[in-house]
Amino acid sequence: MLADEIGWRFVDLDDRIVEDQGLTINSIFEQFGEATFRGMETKAMEGLIREVHRGKATVAALGGGAFPWPGNREKLEDAGVSIWLDTPMERIEERIARHTHRPLARDTERFRNLFQERLAAYAQADYQVKVDSDEAAEVVQKILALGLFD
């Protein structure tokens, strides 16, 4: 919705990885493990950054582990602005319960611990937007209120 609102293209990094690899995220995790997936994710992100540097204005959605993975945040700093959609764990759990393609969310306790571990990295985003509802339009308005796209 944000991309549509400001007239930029939208890229979901996970979708790009699936397209590039011809495998689902679950399959990549099961066949190759997290470290290999993170390498693929970093490579896809670097390609996206090159496209941005060539003038393709982009709103990109990153998976939960992309930003905190070593080196990724620094690469993103050179590409644009990062916005952390700060969502309470309870809401995240509700959303993820509807999806079976989240390999790191299968074990609830491990997922909660992982979330806590990542918070310090998320807090290094350029901007933090509190997400209190599932209304995407409301979140878009909060992002627009930052004045980044005027």
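## Helix α4, the cores and the salt bridges

The 20 residues of α4 should span 28 Å at 1.5 Å a residue, and the end C-alpha atoms of this helix are indeed 28 Å apart, so expectation and model agree. The model itself is predicted.

Helix α4 covers residues 34-53, and its buried residues are Phe37, Arg38, Met40, Glu41, Thr42, Ala44, Met45, Gly47, Leu48, Ile49 and Glu51. The cover over these buried residues includes β1 (9-12), α2 (13-21) and α3 (25-32), together with β2 (58-61), α5 (72-77) and α7 (108-122). Glu41 counts as buried because its relative accessibility is 1%, and, leaving out residues up to four places away in sequence, Glu41 touches Leu13, Asp14, Ile17, Gly65 and Ala66. After α4 comes Gly55, which has a positive phi, near 105°.

Which residues touch the most other members of the largest nonpolar core? Among the 18 residues of that core, they are Leu13, Ile17 and Phe37. Two or more residues of this core are given by each of α2, α3 and α4, and the largest share, six residues, comes from α4. Phe37, when its neighbours within four places in sequence are set aside, is in contact with Asp14, Ile17, Ile25, Ile28 and Phe29. A second, separate core has eight residues, including Val131, Val139, Val140 and Ile143.

Turning to charged pairs, the structure holds eleven salt bridges, three of which are listed here with their N to O distances.

| Salt bridge | N to O distance | Relative accessible area |
|---|---|---|
| Asp86 and Lys130 | 3.0 Å | Asp86 13%, Lys130 49% |
| Arg112 and Glu93 | 2.5 Å | Arg112 36%, Glu93 22% |
| Lys142 and Asp132 | 3.3 Å | Lys142 27%, Asp132 47% |

The salt bridge of Asp86 and Lys130 ties together parts that are 44 residues apart in sequence, because Asp86 lies in strand β3 (residues 83-86) and Lys130 in strand β4. Asp86 is buried, whereas Lys130 is partly exposed. The side chains of Arg112 and Glu93 also meet in a salt bridge, and this pair links helix α7 with helix α6 (residues 89-97) across 19 residues. In the bridge between Lys142 and Asp132, Lys142 belongs to helix α8 (residues 136-144) and Asp132 to the loop between β4 and α8, ten residues apart. A network of salt bridges links Arg9, Arg16 and Glu51, and Glu51 is one of the buried residues of α4.

On the surface, Val81, Tyr127 and Leu146 form a nonpolar patch with about 240 Å² of accessible area together. Tyr127 is found in strand β4 (residues 127-130) and is partly exposed, with a relative accessible area of 32%.

Note on methods: Residues are numbered from 1 along each chain as its sequence is written. This is a predicted model: local features need pLDDT of at least 70, side-chain atom pairs count only at pLDDT 80 or more; totals for chains, interfaces and linings use all residues. Side-chain values use heavy atoms; hydrogens and water are left out. Helices (H or I, at least four residues) and strands (E, at least two) are DSSP runs, numbered from the N terminus. Buried means under 20% relative accessible area, exposed over 50%, partly exposed in between (1.4 Å probe, protein chains only). Contact means heavy atoms within 4.5 Å. The expected span of a helix is 1.5 Å times one less than its number of residues. Patches are made of residues with over 30% relative accessible area and no salt bridge: like charges are joined within 9 Å, nonpolar side chains (Val, Leu, Ile, Met, Phe, Trp, Tyr) within 5 Å. Accessible areas come from the Shrake-Rupley method with a 1.4 Å probe; for residues, only the protein chains shown count as cover. A salt bridge is a side-chain nitrogen of Lys or Arg within 4 Å of a carboxyl oxygen of Asp or Glu. A nonpolar core is a set of buried Ala, Val, Leu, Ile, Met, Phe, Trp, Tyr and Cys residues joined through side-chain atoms within 4.5 Å.
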